[in-house]
Amino acid sequence: MLPLFTAPMSSVINESNYQVFMDNKINTIIPRSVDLSTRYELMSKTFVALSLSEFETFAGLELGEIKEEEIFYICVDIANGHMRKLIDLCKSVKQKYRGHVILMAGNIANPDTYIDYALAGIDFVRVGIGGGSVCTTSANGGVHYAMASLIKEVVDRKWEIEKAIKDAEAMRISHKYESLPFIVADGGFDNYDKIIKALALGADYVMVGKIFAQAEEACGKVIEHWVRGEYIARDRVYYGMSTKKAQVETGSQKLKTAEGIEVTVPILYPLSGWCENFVHYLRSMMSYTNSFTLSDFKNTEYRIVSPSEYLSYYK
């Protein structure tokens, strides 16, 4: 599989097209707008998003006898991944089901919260708040952390924990960490280069919304443009999952002030074509940096460019 996740967004993925993404080696997450019973059916095949209240209900279920090889993939999809209630709930579910439940949680914008996730046994952490093209949390609320800095500082915490675990194992003593969560950079990745730079900084995966919404195979409403009876282009309606539109789709009883917007984006390419380009660019950049594996690539040296150099970079 590629180091990519679909964002769990109604205008990107649902139960009818997730297999297309998986066939193109993209990790998938079914959004909360899909019926809960359908999400439960798919839980052993792909990640499914659950709200905090849905996850609380899942935590109280008795699943009965679980087959040895059976695994359930859950993404607790909430805006504020720093909540103590979320972390404690994840810890109790991991203690109850161990390796039979793989948990993704987030989003976080505080590097130290990664430590709390490692102590709780969470498997994947979504990193980034407010950076998405249809998210207005940062613009209106002021909560933000620059993505490159956030990735690097979370990676530093991961390396510190990894070293502590290795040192404890070498001395044959116990340690307090239950997991070493994979880092999923989430928000604002609108081109190949930004994804590749996130991986070079140490992210294990990158979560993508808008890029996939612009693929032929994405779901969501399509608007066709005709001029004098001749078809010229298609757009897709693309919106954040905290917009009021998405709140209605996910069954919210009381609508909150939106922290997202609705836009249209052009449909530009088949998913297979985009993935083929991504693989080529990633392999090429790995060769430039003398990296044979993605683990090698995470040790790439980097420099911060000046504003004038930034303008020459983005032609």
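This passage looks at two helices and one loop residue in a predicted model.

Helix 3 is a good place to start. This helix covers residues 52-59, and its buried residues are Leu-52, Glu-54, Phe-55, Phe-58 and Ala-59. When helix 3 is viewed down its axis, these buried residues fall within an arc of 160 degrees, so they line one face of the helix. A general rule helps in picturing this: an α-helix has 3.6 residues a turn, so residues three or four places apart point the same way. The partners of the buried residues in helix 3 include both helices and strands: they pack against helix 2 (36-42) and helix 4 (84-97), as well as strand 3 (47-50), strand 4 (72-76) and strand 5 (101-108).

Helix 8, residues 192-201, comes next. Here 8 of the 10 residues are buried, so the helix is largely enclosed by the rest of the structure. The buried set consists of Tyr-192, Asp-193, Ile-195, Ile-196, Ala-198, Leu-199, Ala-200 and Leu-201. Just after helix 8 comes Gly-202, which has a positive phi of about 120 degrees.

A little further along the chain, Asp-204 sits in the loop between helix 8 and strand 8 (205-208). Its relative accessibility is 10%, and with the cut-off for buried set at under 20%, Asp-204 counts as buried. The side chain of Asp-204 makes a polar contact of 2.4 Å with the side chain of Lys-298. Leaving aside residues up to four places away in sequence, Asp-204 touches Pro-3, Lys-158, Pro-181, Phe-182, Ile-183, Leu-199 and Lys-298. Of these neighbours, Leu-199 is one of the buried residues of helix 8 already met above.

Conventions:
Residues are numbered from 1 along each chain as its sequence is written. This is a predicted model: local features need pLDDT of at least 70, side-chain atom pairs count only at pLDDT 80 or more; totals for chains, interfaces and linings use all residues. Side-chain values use heavy atoms; hydrogens and water are left out. Buried means under 20% relative accessible area, exposed over 50%, partly exposed in between (1.4 Å probe, protein chains only). Helices (H or I, at least four residues) and strands (E, at least two) are DSSP runs, numbered from the N terminus. The arc is that of the directions from the helix axis to the C-beta atoms. Contact means heavy atoms within 4.5 Å. A polar contact is a pair of N or O atoms within 3.5 Å; within protein, one must be able to donate a hydrogen and the other to accept it, and residues adjacent in sequence count only if both atoms are side-chain atoms.
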